[in-house]
Amino acid sequence: MHKLSKQEYLTGRLMGQAFFMICAVMFSSWSVAQTASLASSNTWVDADFHDSHLHLTNYVQEGTDIKDLISMMGSKVGHSTVFGIPLQQQWLYSTTGDWAPTYYLQSDAPLYYYSFTDAHIAMAYRSLTKQQQARLDPMITGFNPTDMYAADHIRRVLETFPGVFSGIGEFTIHKEFVSAKISGETASLTNPALDRILDFAGEVGLVVIIHNDIDMPFPKPDQEPYMLQQMKALFARHPDTTIIWAHIGLGRVVRPLEEQAALVERACADPSLRHVHMDISWDEVAKYITATPETIKRVADVINRYPDRFLFGTDVVAPKSQDAMVAVYDAYAPLWDALTPEASIKVRKGNYERLFDEARRKVRAWEKANIDNN
Ligand SMILES: [Zn+2]
């Protein structure tokens, strides 16, 4: 074996060092170039909106390729949450035969909690470049909110996929046509399992997007809106948790309560609910809000008085094109016109940035402190 002479050894070392230095220079100029291209390609800083409510997959866990989502966002959508749907519509042969349902209204077969959605979302997110990841806030949804172990599932997801998630949800407690179809015990706002979930979210700094209809469909005029009291009590029990109440509690047939605007305004004014925000996502909600000049004015008045408490979202499910997202935004055109410039920018972008930037910072800090080898 040829033994290196001292001269050859030194020459080799020097060449190695030179190579290392060239690499270092190349690398640093590469990162300068990379940073410059990050800045120059951030055309989305002038985006119309951020999307606080977007489902990447549908009720049978199929959906949009996450890279296609980034292209669809283009320069219109700046940031977006990204989550699946934790409820899987079962294809029950005895019910629909060879026909495969993809939506909960298409079959009487039950829905069940599909925890793998969290791994799917996390792996999709990890397939993106850092620059693409910076635009998304993945959310954990694959837990059963009646299970006292649900909070442990959320912890396990954070441990398995550190550096990914910003929040939990959208998860559902009461939703027209859906709640009654879910296998097992019916979820409820009074279940201590839900308190464990919200406590844990508060401890970690995870944003919570919760769906709970404000009332039952087709209530009789004298019917007690018991859901409201339960919801207020639940939210008040978790003052350290950042909560977004999806769709201000509206549904496909759960119509705004007669005094809904006054009620929402009271919630905004209540210091015990300071941590509660509302999203106006879903084209069904846009229909209610923009129904008449009066409804637009009523809603705009409340938002203008409490501009920090509302977020826009599309609630699109497995979108196939940018049009799907932009259509919901455009449906709100009369509302955008009725808001003050300050309120408009906060609802479309500012509140998202405030809540999710903080969540990302807090969750990363929690992961650093609580997960080994992170
Ligand atoms: Zn949704």
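Here's a quick tour of this structure, from the overall make-up down to a few packed residues. Keep in mind that you're looking at a predicted model. The protein chain has 14 helices and 12 strands, and eight of the strands line up in an open sheet with parallel pairing. Of its 374 residues, 40% count as buried.

**How far to trust it**

- Averaged over the protein chain, pLDDT comes to 88, and 84% of the residues score at least 70.
- Residues 1-41 are where to be careful: pLDDT stays under 50 there.
- For that stretch, residues 1-41, the model has just three contacts beyond four places in sequence.

**The sheet**

- Reading across the open sheet, the strand order is β1-β3-β6-β7-β8-β9-β10-β11.
- The edges belong to β1 (49-51) and β11 (310-311); each has a single partner strand, so one side of each is left without a neighbour in the sheet.
- Further in, β9 (residues 243-245) and β10 (residues 276-279) run parallel and are joined by three bridges.
- If you want to find one of the residue pairings between β9 and β10, look for W245, whose bridge partner in β10 is M278.

**Helices against strands and helices**

- Helix α4 (residues 116-126) lies across two of the strands, β3 (77-82) and β6 (136-140). Its direction is at about 160° to β6.
- Two other helices, α9 (residues 260-269) and α11 (residues 293-305), pack at an angle of about 5°, and their axes are 10 Å apart. Angles under 35 degrees count as roughly parallel, so α9 is roughly parallel to α11.
- On the α9 side, the contact is made by A261, V264, E265 and C268; α11 brings R298, V299 and V302.

**The core**

- The largest nonpolar core holds 92 residues, and the ones touching the most other members are I154, V208 and I244.
- Which helix gives the most to this core? That's α14 (residues 341-370), with seven residues.
- I244 is a good one to click on: leaving aside residues up to four places away in sequence, I244 touches S52, V207, V208, I209, H277, M278, D279 and L311. One of those, M278, is also the bridge partner of W245.

**Links along the chain**

- Take the contacts between residues at least 6 apart in sequence: 82% of them join residues at least 24 apart.

Definitions and conventions:
Residues numbered from 1 in each chain as written. Predicted model: local features only at pLDDT ≥ 70, side-chain atom pairs only at ≥ 80, totals over all residues. Pairing = 2+ DSSP bridges. Helix = DSSP H or I, 4+ residues; strand = E, 2+ residues; numbered from the N terminus. Contact = placed C-beta atoms within 7 Å. Axes fitted to C-alpha atoms, helices over the stretch in contact; angles between N-to-C directions. Core = buried A, V, L, I, M, F, W, Y, C linked by C-beta atoms within 7 Å. Buried ≥ 20, exposed ≤ 12 C-beta atoms within 10 Å, placed from the backbone. pLDDT = per-residue confidence, 0-100. Parallel < 35°, antiparallel > 145°, perpendicular 65-115°, else oblique.
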